Amino acid sequence: MKIVDHHSGAISTLNEWREHFIKRTKKPEHWKKDRSAYSLADFILNRNGAALLESRVSSVLSENVTFEWATPEYKAKFDRYRNPSQLDLGIFGNIGSGKSLFVGVEAKVDETFGKAVGERYRDALKTRQSNPRTKAPERVEQLLSRYFSEFDPPQDSRFADIRYQLLTAAAGTVAVRQDLVVLYVLVFKTSSYDPQKGEENYSDFKKFVDCAGGKPLAQCGQFGLAHELVIDRKRLVAIHEHVNFGN
């Protein structure tokens, strides 16, 4: 699998990945060993991570899967507003039946999925008090109505306590124009992994899947690691996996 930046330039070293990460995120402080961005880069570049992900997706889909190329910090636009969903890695490929494939990877160690939908919406309404032109409240409302068929006010909806980042990651993945799409939450158990925070994150992921109507799929003979959802009338497979990441 080729790793390229957003200008199709090759990425083959941790330093090249780091430079691309900083350009895309403007957050150099987030590039730290044993944290998610660095761990994802190390996993893909140095630990044969693409082959593992390819094998897992193939198992879940019950199809032969081939990854062709990927871009770190892939921007997946899911609505008409600025600031699309920025997936930690966007992977393009195909499956044996000839269909095209996209895998959106969200990498974590024990970092949270951010604020809940209700809190995000309340913040958006506060922002409007100082900036009447903001469309932040409409963005939350339209995300819920378009992708999740939820028309109640965000602070009162069934998604009020669901982490907003999970909704935007799912919407961004679904919006990529490939035949099959997968959202892959990849958790690295590094030396800085906090088990309690990790359990809270997994609970947040499960709440999202359940709230969005996910149905469990078999993965390597087990259930509960992969789920199938229908979002914006499109099938989305959501996978959650822990990777033990010793130095």
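Which helix does A37 lie in? Select A37 and look at the element around it: A37 belongs to helix 2. Keep in mind throughout that this is a predicted model.

**Stop 1: A37 and helix 2**

A37 has a relative accessible area of 13%, under the 20% cut-off, so A37 is buried. Now select F21, H30 and W31. A37 touches these three residues, not counting residues up to four places away in sequence. Next, draw a distance from A37 to D204. The two residues are 167 residues apart along the chain, and their C-alpha atoms are separated by 20 Å.

**Stop 2: K33, in the loop before helix 2**

Move to K33, which sits in the loop between helix 1 (14-25) and helix 2 (36-46). Is K33 buried or exposed? Its relative accessible area is 54%, over the 50% cut-off, so K33 counts as exposed. A second distance can be drawn from here, to Q196. K33 and Q196 are 163 residues apart in sequence, and from C-alpha to C-alpha they are 20 Å apart in space.

**Stop 3: the whole chain**

Zoom out and show the chain as a cartoon. The protein chain holds 7 helices and 8 strands. Its radius of gyration is 18 Å, close to the 18 Å that the globule rule gives for 247 residues, so the chain is as compact as a globular protein of that length. Taken along the principal axes, the C-alpha atoms fill a box of roughly 50 × 40 × 35 Å.

Switch to a surface view. The protein chain exposes about 12100 Å², and carbon and sulfur atoms supply 45% of that area. Of the 247 residues, 51% count as buried. Then colour the chain by charge. There are 37 positive and 32 negative side chains, and the centres of the two sets lie 5 Å apart.

How much of the contact in the protein chain joins residues 24 or more positions apart? Such pairs account for 63% of the contacts with a separation of 6 or more.

**Stop 4: the nonpolar core**

Hide the surface and select V57, L101, F148 and F208. The largest nonpolar core has 75 residues, and these four touch the most other members. Add strand 5 (residues 180-189) to the selection; this strand gives the most to the core, with 9 residues.

Centre the view on L101. Which residues is L101 in contact with, leaving aside its neighbours within four places in sequence? Among them are V57, L61, V65 and F67. The list also includes I91, F92, G93, N94 and I95. Q178, L180 and V182 are in contact with L101 as well.

**Stop 5: L166 in helix 6**

Select L166, which lies in helix 6. With a relative accessible area of 2%, under the 20% cut-off, L166 is buried. Leaving aside neighbours within four places in sequence, L166 is in contact with F113, D204, F205 and F208. F208 was selected at the previous stop, as one of the four core residues that touch the most other members. D204 was the far end of the distance drawn from A37. Now draw a distance from L166 to L183: they are 17 residues apart along the chain, and their C-alpha atoms are separated by 9.6 Å.

**Stop 6: E68 in strand 2**

Go to E68, whose place is in strand 2 (residues 65-76). At 39% relative accessibility, E68 falls between the 20% and 50% cut-offs and so counts as partly exposed. Leaving aside neighbours within four places in sequence, E68 is in contact with M1, K2, F92, G93 and N94. F92, G93 and N94 also appeared among the contacts of L101. From E68, measure to V57: the two are 11 residues apart in sequence and 14 Å apart in space, C-alpha to C-alpha.

**Stop 7: two residues with positive phi**

Most residues other than glycine have a negative phi. Two places to check against this are S149 and R233.

Select S149 first. Its phi is near 50 degrees, a positive value in a residue other than glycine. S149 is found in the loop between helix 5 (136-148) and helix 6 (164-175). S149 is exposed, with a relative accessible area of 54%.

End at R233. R233 has a positive phi of about 65 degrees, although it is not a glycine. Where is R233 found? R233 is in the loop between strand 7 (222-231) and strand 8 (234-244). R233 is exposed too, with a relative accessible area of 78%.

Methods:
Residues numbered from 1 in each chain as written. Predicted model: local features only at pLDDT ≥ 70, side-chain atom pairs only at ≥ 80, totals over all residues. Heavy atoms only, no water. Helix = DSSP H or I, 4+ residues; strand = E, 2+ residues; numbered from the N terminus. Rg over C-alpha atoms; globule rule 2.2 N^0.38 Å. Buried < 20%, exposed > 50% of the residue type's maximum accessible area, 1.4 Å probe, protein only. Contact = heavy atoms within 4.5 Å. Areas by Shrake-Rupley, 256 points an atom, 1.4 Å probe, with all protein chains shown as cover. Lys, Arg positive; Asp, Glu negative; His and termini not counted. Charge placed at Lys NZ, Arg CZ, Asp CG, Glu CD. Core = buried A, V, L, I, M, F, W, Y, C linked by side-chain atoms within 4.5 Å.
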